[in-house]
Amino acid sequence: MGRYLVTGGAGYVGSHTVLALLDRGDEVVVLDDFSKGHREAVPTSARLVDGRCEDPRARAEAFGGGRFDAVLHFAALSLVGESMQVPLRYMAENLSALAAVADAAVRHGCRKLVLSSTAALFGYPERIPIDEEQRLGPVSPYGESKLMCERALDWAEKIHGLRFACLRYFNAAGADPAGRAGEDHEPESHLIPLAIDAALGMRPALTVFGTDYDTPDGTGVRDYVHVADLADAHLRVLPLLDERSVRYNLGNGTGYSVKQVIEAVERVGGRPVPHTLGPRREGDPATLVASSARLRAETGWNPRFPGLDEIVKTAWDWRVKHPKGYAGAQRAA
Ligand SMILES: NC(=O)c1ccc[n+]([C@@H]2O[C@H](COP(=O)([O-])OP(=O)(O)OC[C@H]3O[C@@H](n4cnc5c(N)ncnc54)[C@H](O)[C@@H]3O)[C@@H](O)[C@H]2O)c1
């Protein structure tokens with residue numbers, strides 16, 4: 001049994017990873033400022049520290065209870081569009097949160113950190129699928145901020161011996177298959193929950209941004225990876241950090257277009273998804289699909305929920321049971 005600090009553990013991917021750690025018997029401390037996350041998403045068996053990564057008092061409280069085997073750092077600002085409005089805030093906050101947490105880890109004798117990184121590091125990719133050898137060239141301040149975090153970790157390793165895993169997620173999607181957690185972002189910017197809410201009549205028609213891309217049906221193609229499979233990847237990279245630092249692209253390796261996602265939601269939910277067709281958004285590449293061959297080969301990771309319909313089904317089931325998201329929910333035991 002290990003002891004882990006999960007920053008941003010009340011958020012979407014973080015809370016599912018907290019469940020995976022608790023399920024295997026680990027002890028978990030969550031550090032979250034609840035700017036986006038939900039207290040109700042974290043079971044009572046995890047200790048909650050309410051505060052910002054950048055706040056020395058919050059860090060002292062989080063790190064004060066004993067040595068961690070590793071820190072899993074999910075906390076970040078993560079809206080690409082918002083980052084185009086407030087670029088310096090994204091760069092400053094995402095780097096300072098990572099640097100503060102990595103520094104505290106080193107000072108408290110913890111030498112392992114997992115960073116939530118992103119496909120946005122690659123900007124407009126040169127080849128599909130995107131493997132780890134591709135040129136890094138973010139086209140948003142959000143992507144740039146994560147690249148700065150990755151580079152900071154190189155220095156932390158060189159100078160302090162901090163081992164790290166940078167996991168470049170593609171599109172996280174779905175909900176805990178046991179129904180204990182789901183996706184509840186405000187504002188919501190992800191396609192699957194937006195399509196589900198449109199189908200359920202809980203928000204206006206969905207806008208499809210761009211229908212003239214160089215893709216089979218003209219709409220953008222993305223790689224949707226189930227959030228429980230993302231959580232599993234975190235557990236699998238931890239033992240590698242005894243030996244070395246790693247970087248992995250993390251996706252299913254299959255691309256689905258916006259149109260295919262809409263059709264999947266309609267199949268799973270049995271209702272139409274009202275939608276309108278709009279122009280492209282700046283900064284959206286036509287296709288983003290990961291090669292996770294390196295992760296698979298080196299950790300044995302193999303997604304349990306690779307199919308689009310099964311991903312959508314878990315998201316649909318959670319949303320139908322939680323139409324208001326976490327509002328009014330209780331923390332589970
Ligand atoms: N969701 C995706 O598809 C996706 C894709 C690629 C990368 N990522 C990265 O994965 C991570 C998690 O994403 P998510 O979708 O779960 O986001 P999220 O917003 O649901 O979760 C982030 C959590 O961190 C907390 N937080 C933010 N800044 C903080 C700070 N300074 N101090 C303490 N807590 C803070 C928020 O309250 C929230 O609970 C992020 O780093 C994001 O950039 C997500």
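Which hand does the crossing of H1 and H7 have? I looked this up before anything else, in what is a predicted model, and found that the crossing of H1 and H7 is right-handed. I then noted which residues make the contact: Tyr12, Val13, His16, Thr17, Ala20 and Leu21 on the H1 side, and Val227, Leu230, Ala231, His234 and Leu235 on the H7 side. By kind, the residues of this contact of H1 with H7 divide into 8 nonpolar and 3 polar, with no charged residue among them.

**Entry: geometry of the two helices**

I went back to the axes of helix H1 (residues 12-23) and helix H7 (residues 227-237), which come within 8 Å and cross at roughly 60°. H1 and H7 are therefore oblique to each other. As a reminder to myself on reading such contact lists, an α-helix has 3.6 residues a turn, so residues three or four places apart point the same way.

**Entry: surroundings of H7**

I asked how much of H7 is covered, and wrote down that 9 of its 11 residues are buried. The buried residues in H7 are Val227, Ala228, Asp229, Leu230, Ala231, Ala233, His234, Leu235 and Val237. Beyond its contact with H1, I saw that H7 lies across S4, S5, S6 and S11, and that H7 runs at about 160° to S6.

**Entry: the seven-stranded sheet**

I traced the strand order of this sheet as S3-S2-S1-S4-S5-S6-S11, which makes an open sheet of 7 strands with parallel pairing. At the edges I found S3 and strand S11 (246-250), each of which pairs on one side only. Neighbouring strands of this sheet are turned against each other by 20° on average, with direction ignored. I also noted that helix H4 (residues 87-107) lies across strand S1 (3-7), S4 and S5, and that H4 runs at about 175° to S4.

**Entry: strand S5 and its partners**

Is strand S5 (residues 112-118) enclosed or open to the outside? I recorded that 6 of the 7 residues of S5 are buried, so the strand is largely enclosed by the rest of the structure. Strand S4 (residues 70-73) is joined to S5 by 3 bridges, and the two run parallel. Within that pairing I could place Val71 opposite Leu113 in S5, and His73 opposite Leu115 in S5. Turning to strand S6 (residues 163-169), I found 7 bridges joining S5 to S6, again with the two strands running parallel. Here I noted that Thr118 stands opposite Tyr169 in S6.

**Entry: the three-stranded sheet**

I then followed an open sheet of 3 strands, whose order is S12-S9-S14 and whose pairing is mixed. Its edge strands are strand S12 (256-257) and strand S14 (287-288), each pairing on one side only. For strand S9 (residues 221-222), I looked at the pairing with S14, which is in the parallel sense over 2 bridges. In this pairing Arg222 stands opposite Leu288 in S14.

**Entry: cis peptide bonds**

Where does Pro129 lie? I located Pro129 in the loop between S5 and helix H5 (141-160), and a cis peptide bond joins Ile128 to Pro129, with omega at about 0°. I noted a cis peptide bond between Glu186 and Pro187 as well, where omega is about 0°. Pro187 has its place in the loop between strand S7 (171-173) and helix H6 (191-199).

**Entry: two loop residues**

I checked Phe34, which lies in the loop between strand S2 (27-32) and S3, since its phi is near 60°, a positive value in a residue other than glycine. Is Phe34 buried or exposed? I had to compare its relative accessibility of 17% with the cut-off for buried, which is under 20%, and Phe34 therefore counts as buried.

For Asp55 I noted a place in the loop between strand S3 (47-50) and helix H2 (56-63). Asp55 is partly exposed, with a relative accessible area of 27%. Last, I looked up the separation of Asp55 and Lys313, which are 258 residues apart in sequence and 39 Å apart in space, taken from C-alpha to C-alpha.

Note on methods
Residues numbered from 1 in each chain as written. Predicted model: local features only at pLDDT ≥ 70, side-chain atom pairs only at ≥ 80, totals over all residues. Heavy atoms only, no water. Axes fitted to C-alpha atoms, helices over the stretch in contact; angles between N-to-C directions. Helix = DSSP H or I, 4+ residues; strand = E, 2+ residues; numbered from the N terminus. Parallel < 35°, antiparallel > 145°, perpendicular 65-115°, else oblique. Left-handed = near helix turned anticlockwise from the far one by under 90°. Contact = heavy atoms within 4.5 Å. Nonpolar A, V, L, I, M, F, W, Y, C, P; charged D, E, K, R; others polar. Pairing = 2+ DSSP bridges. Buried < 20%, exposed > 50% of the residue type's maximum accessible area, 1.4 Å probe, protein only.
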